[in-house]
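Colleague: Please take one part of this model and go through it closely, in plain terms. Explain each term once, when you reach it.

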Amino acid sequence: MSAPERLAAVPAALLLLVPLLGACNEAAPEPEPEATEVPEEFARPGAPIAGQRGIGTPMEERVAVIGVLNKRNNLSRDLEMKPGEARRVFDDVIVRVSACERTAPWEEPPETGAFVQVIVLERADADSDPEWRRRFSGWLFKNSPSLNVVEHPIYDVWVKDCRMSFPGEEAPLRDDDDDAPAPRATASPLPTPTPAPAAPNNDA
């Protein structure tokens with residue numbers, strides 16, 4: 001190809017690049033929103049398991065903190081849930097909490113646990129439609145995770161905390177708390193009177 005022919009071919013190549021450059025400048029498509037709606041059969045609130053010790057925060061007022069990990073993309077979520085609640089994350093996994101417990105401060109060894117159910121939307125085989133399947137139901141323990149494990153190739157679920165309190169764990173009043181009772185005024189002790197000097201004895 002002669003030099004003039006090569007020069008004539010350059011504008012044509014530039015014209016081919018213009019649409020490509022325009023496509024690069026287009027904004028990336030917005031990611032689809034994550035499905036968080038819990039199916040009706042799992043959305044009904046379950047009855048929380050009654051506490052066994054009968055002391056501390058009532059079961060229905062406790063808050064379990066559950067960690068969920070998607071091992072395919074290394075994304076994780078921390079779920080704060082009251083007993084009886086269900087939460088859907090990563091589109092195709094539902095976590096339900098029925099109870100959470102932790103040992104009292106005077107008990108040894110310390111332990112925190114939660115009764116958890118894990119339901120996953122998955123196919124039984126390549127030719128079947130996806131359906132919700134319960135993959136785990138039982139107690140998970142923070143300090144003894146090997147006692148019970150959620151065995152799933154994609155998702156890992158574990159308990160991180162059970163927020164509750166026992167008698168004697170109430171937070172102390174702050175210095176700036178307006179509701180704190182004012183300190184009681186104490187009276188200063190009266191000075192001890194000095195005894196008068198004895199009168200001289202002139203009878204001696």
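Modeller: The part to look at is the largest nonpolar core, which has 25 residues. Ile66, Val68, Val116, Val118 and Val157 are the ones that touch the most other members. A nonpolar core is a set of buried Ala, Val, Leu, Ile, Met, Phe, Trp, Tyr and Cys residues joined through side-chain atoms within 4.5 Å. Buried means under 20% relative accessible area, exposed means over 50%, and partly exposed lies in between (1.4 Å probe, protein chains only).

This is a predicted model: local features need pLDDT of at least 70, side-chain atom pairs count only at pLDDT 80 or more, and totals for chains, interfaces and linings use all residues. Residues are numbered from 1 along each chain as its sequence is written, and side-chain values use heavy atoms, with hydrogens and water left out.

Six elements each give two or more residues to the core: strands E1 (63-70), E2 (75-81), E4, E5 (112-122), E6 (131-141) and E7. Helices (H or I, at least four residues) and strands (E, at least two) are DSSP runs, numbered from the N terminus. The whole protein has two helices and seven strands. Read from the N terminus, the order is α-α-β-β-β-β-β-β-β. Of its 204 residues, 28% count as buried.

Ile66 shows what surrounds one core residue. Leaving out residues up to four places away in sequence, Ile66 touches Arg77, Asp78, Leu79, Val95, Val97, Ala114, Val116, Val157, Trp158 and Val159. Contact means heavy atoms within 4.5 Å. Over the whole protein, among contacts with a separation of 6 or more, 54% are between residues 24 or more positions apart.

Two of the strands that feed the core, E4 and E7, also carry the cysteines of a disulfide. The structure holds one disulfide, meaning a pair of cysteine sulfur atoms within 2.5 Å. The partners are Cys100 and Cys162, and their sulfur atoms are 2.1 Å apart. Cys100 belongs to strand E4 (residues 93-102) and Cys162 to strand E7 (residues 155-163), so the bond links distant parts of the chain, 62 residues apart. The torsion about the S-S bond is about 60°, so this disulfide is right-handed. Cys100 is buried, at 0% relative accessible area. Cys162 is buried too, with a value of 1%.

Next to consider is Thr112, which sits in strand E5. Thr112 counts as buried because its relative accessibility is 10%. Apart from neighbours within four places in sequence, Thr112 is in contact with Glu101, Arg102, Leu140, Phe141, Lys142, Asn143, Val159, Asp161 and Cys162. That list includes one of the two disulfide cysteines, Cys162.

The loop between E4 and E5 holds Glu111. Glu111 is buried because its relative accessibility is 17%. Beyond four places in sequence, Glu111 touches Glu101, Arg102, Thr103, Phe141, Lys142, Asn143 and Ser144. Phe141 is 30 residues from Glu111 along the chain, yet their C-alpha atoms are separated by 7.1 Å. Pro109 lies in the loop between E4 and E5 as well, and a cis peptide bond joins Glu108 to Pro109, with omega at about -5°.

Another loop worth checking for backbone geometry runs between strand E3 (86-89) and E4, and Phe90 lies in it. Most residues other than glycine have a negative phi, and most peptide bonds are trans. Phe90 has a positive phi of about 55° although it is not a glycine. Asp91, in the loop between E3 and E4, has a positive phi of about 70°, and it is not a glycine either. Phe90 is buried at 9% relative accessibility, whereas Asp91 is partly exposed at 34%.

Last comes confidence. The mean pLDDT is 77, and 59% of the residues reach 70 or more; pLDDT is the predictor's confidence in each residue, from 0 to 100. Over residues 183-188 pLDDT stays under 50, and the model has zero contacts for them beyond four places in sequence.
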